[in-house]
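Trainee: I would like to go through this model with you step by step, beginning with the fold and then turning to the ligands. Could you show it to me before we start?

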Amino acid sequence: MMDRYKTPRTKELEFGGPLGAMILIFLMPATIFYLLLTCRTEQASVLNFPPPLPPLSTLWSPHTFLLLLAWVGLQAALYMLPMGKVTEGIVLRDKSRLQYRINAFHAMGVTALVVGAGLAAGLRLSYIYDHFLQLAFSALLLAFGLSFLLYFKSLFAPETTLAPGGNSGNPIYDFFMGHELNPRIGSFDLKYFCELRPGLLGWALVNMAMLMKETELRGSPSLAMLLVNAFQLLYVVDALWNEEAILTTMDIVHDGFGFMLVFGDLAWVPFTYSLQAYFLVNHPQKLSLSMAVGILLLNGLGYCIFRSANSQKNTFRRNPNDPRVTGLKTIPTATGRRLLVSGWWGFVRHPNYLGDIIMALAWSLPCGLTHVLPYFYVFYFTVLLIHREARDEHQCLRKYGLAWQEYCRRVPYRIFPYLY
Ligand SMILES: NC(=O)C1=CN([C@@H]2O[C@H](COP(=O)(O)OP(=O)(O)OC[C@H]3O[C@@H](n4cnc5c(N)ncnc54)[C@H](OP(=O)(O)O)[C@@H]3O)[C@@H](O)[C@H]2O)C=CC1
Ligand SMILES: CC(C)=CCC[C@@H](C)[C@H]1CC=C2C3=C(CC[C@@]21C)[C@@]1(C)CC[C@H](O)C(C)(C)[C@@H]1CC3
């Protein structure tokens, strides 16, 4: 009976299959250290050979590792507190639905109070800047450790609970993509927890630490640093406020919880997304008021597109009869669900990605035009979203068939109008 709910073998492998997965398992950590080490040099030039990696005895610090564990522990404790509502995820293969607690925004409020109290008591956040490489190394160890434990756990998981994207039978590929879809310890959902809390809040905390360090060095924070902090904090707050929307993303619905997401959430996000702020500590930039206003407007434009496109689709998916979306044109599909073909989703096929990429540019511009390094996020993110868009199109074509082809005919551009 349960056999028909078994997750089928993953046939179409992504990221270049096991070899691609193996390369990424080495490349992702190497990229973090390359970026951080280059950023610490005076020239911060991508043309120079990167400085050598410090010896392991310098990178490993039990103190920073314990601090990292304490941070993740605090977030885990806040996740378990019975505050906020409980909601249901999408219907799973075996027709069940998992329950999720929606309290990331509350967790952020409590975290802000804890950090605020710490600062009042003399806590030096600039410790994070001073021990940035050690912290990144600790996060790397934590991510590898958790990924191995998750893969081991998945070997004993029922076949109905495996991830459609990470059940190839190749251990390296499945370790990377994630073998189990929603690994849980009791009601504690590890993927859902990691996706938003320790990494995203960690990113905001790292940015604030960079601002504190700059203030210690120069007496006051620069306009560029304030803009980077404000823009990225808005993005983090937005993600936590709209926590429920994450339950329908590819990461939660399709991808397992393996190295890609574990490392992405716990190490990649806090240590590469904060690169602009890290760069500004040692490479101060003069920003005129008119430039700052221009960048502010660009970020506002990106954010408006990102937020209204995401909200339009989420509102439509939750209730197609909601008055905010009833005026929009749609295409019926064989699944009974409809596709929007006007409004933001009639402009390009991924308007939310367009808004996100515009914001990415606004986050790097405060770092000036003299260095390429702080633009890493723009390059990486454009590649990530182009690849993600192709993965999503593939899944939508499978799901909606002819209706998807009709949508592509009526809305020909994927992300950038008239370009791509
Ligand atoms: N900062 C970061 O590092 C990252 C940020 N992001 C951001 O996360 C957000 C979510 O992105 P992501 O999860 O990739 O995907 P999307 O929110 O774009 O969701 C894609 C899904 O939307 C539905 N859909 C697509 N077209 C239509 C349409 N015309 N009408 C109605 N429904 C449609 C389909 O699912 P269905 O039909 O089943 O509902 C499709 O699978 C984005 O804003 C993205 O920019 C993403 C990755 C990394
Ligand atoms: C190959 C490689 C570099 C993989 C790592 C990718 C991950 C870093 C990203 C995959 C999807 C993500 C999402 C967010 C952060 C980055 C990762 C984990 C996200 C939490 C950022 C905030 C957004 O508002 C979001 C909640 C929509 C988003 C979800 C996807």
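Trainee: How many helices and strands does the chain have?
Mentor: Bearing in mind that this is a predicted model, the secondary structure consists of both kinds of element, and the count for the chain is 18 helices and six strands.

Trainee: Why can the chain be called as compact as a globular protein of its length?
Mentor: Along its principal axes the C-alpha trace spans about 65 × 50 × 45 Å. The globule rule gives 22 Å for 420 residues, and the chain is as compact as a globular protein of that length because its own radius of gyration is close to that value, at 22 Å.

Trainee: What share of residues 287-309 is helix?
Mentor: The unreviewed UniProt entry annotates several stretches as "transmembrane region", among them 257-275 and 287-309. In the model, residues 257-275 are 79% helix and 0% strand, with their end C-alpha atoms 25 Å apart. For residues 287-309 the end C-alpha atoms are 31 Å apart, strand accounts for 0%, and the helix share is 91%.

Trainee: Which helix gives the most residues to the shell around ligand 1?
Mentor: The elements that each supply at least two residues to this shell are helix 14 (289-318), strand 6 (338-340), helix 16 (351-364), helix 17 (376-400) and helix 18 (402-410). Domain 1 (13-282) and domain 2 (285-420) each contribute at least three residues to the shell. The greatest contribution, eight residues, is that of helix 17.

Trainee: What is the distance between an oxygen atom of ligand 1 and the side chain of Tyr-400?
Mentor: Tyr-400 belongs to the residues that come nearest to ligand 1, together with Tyr-273, Tyr-353, Asp-356 and Arg-388, out of 26 around the ligand. A polar side-chain atom of Asp-356 lies 2.5 Å from a ligand oxygen, while an N or O atom in the side chain of Tyr-377 is 3.5 Å from a ligand nitrogen. For Tyr-400, the separation between a side-chain N or O atom and a ligand oxygen is 2.3 Å.

Trainee: How many residues of the shell around ligand 1 are charged?
Mentor: By class, this shell holds 15 nonpolar and four polar residues, and the charged ones number seven.

Trainee: How much of the area of ligand 2 does the protein bury?
Mentor: Ligand 2 is surrounded by 15 residues, of which Glu-195, Ala-239, Asp-251, Asp-265 and Arg-388 are the closest. Taken alone, ligand 2 exposes 640 Å², and the part of this that the protein buries is 86%.

Trainee: Which helix supplies the largest share of the shell around ligand 2?
Mentor: Helix 8 (190-196), helix 10 (223-241), helix 12 (259-272) and helix 17 each give two or more residues to this shell. Its residues comprise 10 nonpolar, one polar and four charged, and at least three come from each of domain 1 and domain 2. The largest share, five residues, comes from helix 12.

Technical notes. Residues numbered from 1 in each chain as written. Chains lettered and ligands numbered in written order. Predicted model: local features only at pLDDT ≥ 70, side-chain atom pairs only at ≥ 80, totals over all residues. Heavy atoms only, no water. Near = heavy atom within 4 Å. Polar contact = N/O pair within 3.5 Å; in protein donor to acceptor, adjacent residues only side chain to side chain. Helix = DSSP H or I, 4+ residues; strand = E, 2+ residues; numbered from the N terminus. Nonpolar A, V, L, I, M, F, W, Y, C, P; charged D, E, K, R; others polar. Domains from an automatic or database assignment. UniProt positions renumbered as here; feature names shortened; annotations may be inferred. Rg over C-alpha atoms; globule rule 2.2 N^0.38 Å. Areas by Shrake-Rupley, 256 points an atom, 1.4 Å probe, with all protein chains shown as cover.
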